[in-house]
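Please open the structure in your viewer and keep the selection tool at hand. The tour below moves from one selection to the next and says what is to be found at each stop.

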Amino acid sequence: MPVNDSIRYARAFEKYDLAWAEDMIDVGNLGPGSDAPKNWVRDLIDHRAVDIIYPDPLTAGGIRETKRIADYASMYGVQTVIHFAGSPVGCMASV
């Protein structure tokens, strides 16, 4: 969704006091140097664009990179929720 639509969507649901809204913007389009998960996560955290980050171990680079993302987020007071959207094989590979 475009950013303006995401903001409109989030405002419409404010009255429900949701913990977070997932995948509202395409993080792949954050700008130059934002291709790798760790770079776009840093961009989001550094610019105070998120309160909660939810890395997916399967796409973030495995358990080690997910831990690095969580540690970086923690330094800035950003909560981490582990996300997983993959196959059973991907799940076992992450485990």
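**A tour by selection**

Begin by selecting Val95, which counts as exposed because its relative accessibility is 76%, above the 50% that an exposed residue must exceed. Val95 lies in the segment that comes after helix 5 (88-94). If Gly62 is added to the selection, its C-alpha atom and that of Val95 are separated by 9.2 Å, although the two residues are 33 residues apart along the chain.

Before going further, colour the chain by confidence, since what is on the screen is a predicted model. The mean pLDDT of the chain is 81, and 86% of its residues reach 70 or more. Among the elements of the chain, the lowest mean pLDDT, 78, belongs to helix 2, while the highest, 93, belongs to strand 2 (residues 79-80).

**Helix 4 and its two faces**

Next select residues 62-75, which make up helix 4. Its 14 residues reach 20 Å from the first C-alpha to the last, close to the 20 Å expected at 1.5 Å a residue. Within this helix, highlight Glu65, Thr66, Ile69, Ala70, Tyr72 and Ala73, which are its buried residues. They cover an arc of only 160° around the axis, and therefore they sit on the same side of helix 4. Now turn the view to the face directed away from that buried side, where the exposed residues Ile63, Arg64, Ser74 and Met75 are carried. Following the chain past the helix leads to Gly77, whose phi is positive, near 75°.

**The nonpolar core**

Which residues form the largest nonpolar core? Select Val41, Leu44, Ile45, Ile53, Ala60, Ile69, Tyr72, Ala73 and Val78, and the nine residues of this core are displayed together. Helix 2 (37-46) and helix 4 each supply at least two residues of the core. To look at one member in detail, centre the view on Ala73, which, when its neighbours within four places in sequence are left aside, is in contact with Ile45, Ile53, Val78 and Thr80.

**Three salt bridges**

The last selections concern charged side chains. Side chains of opposite charge can pair when their charged atoms come close. How many salt bridges does the structure hold? There are three of them, and each can be shown in turn.

- Select Glu65 and Arg68 in helix 4, whose side chains meet in a salt bridge at 3.4 Å, N to O. These residues are separated by about one helical turn, because they are three residues apart in helix 4. Glu65 is buried, with a relative accessible area of 13%, whereas Arg68, at 48%, is partly exposed.
- Staying in helix 4, select Lys67 and Asp71, where the side chains meet in a salt bridge at 2.8 Å, N to O. Here the two residues are four residues apart in the helix, so about one helical turn separates them. Asp71 counts as partly exposed, its relative accessibility being 38%.
- Finally, move to helix 1 (residues 3-12) and select Asp5 and Arg8, which are three residues apart and therefore separated by about one helical turn. Asp5 forms a salt bridge with Arg8, and the closest N and O atoms are 2.2 Å apart. With 31% relative accessibility, Asp5 counts as partly exposed, while Arg8 is exposed, with a relative accessible area of 54%.

Terms used:
Residues are numbered from 1 along each chain as its sequence is written. This is a predicted model: local features need pLDDT of at least 70, side-chain atom pairs count only at pLDDT 80 or more; totals for chains, interfaces and linings use all residues. Side-chain values use heavy atoms; hydrogens and water are left out. The expected span of a helix is 1.5 Å times one less than its number of residues. Buried means under 20% relative accessible area, exposed over 50%, partly exposed in between (1.4 Å probe, protein chains only). The arc is that of the directions from the helix axis to the C-beta atoms. A nonpolar core is a set of buried Ala, Val, Leu, Ile, Met, Phe, Trp, Tyr and Cys residues joined through side-chain atoms within 4.5 Å. Contact means heavy atoms within 4.5 Å. A salt bridge is a side-chain nitrogen of Lys or Arg within 4 Å of a carboxyl oxygen of Asp or Glu. pLDDT is the predictor's confidence in each residue, from 0 to 100.
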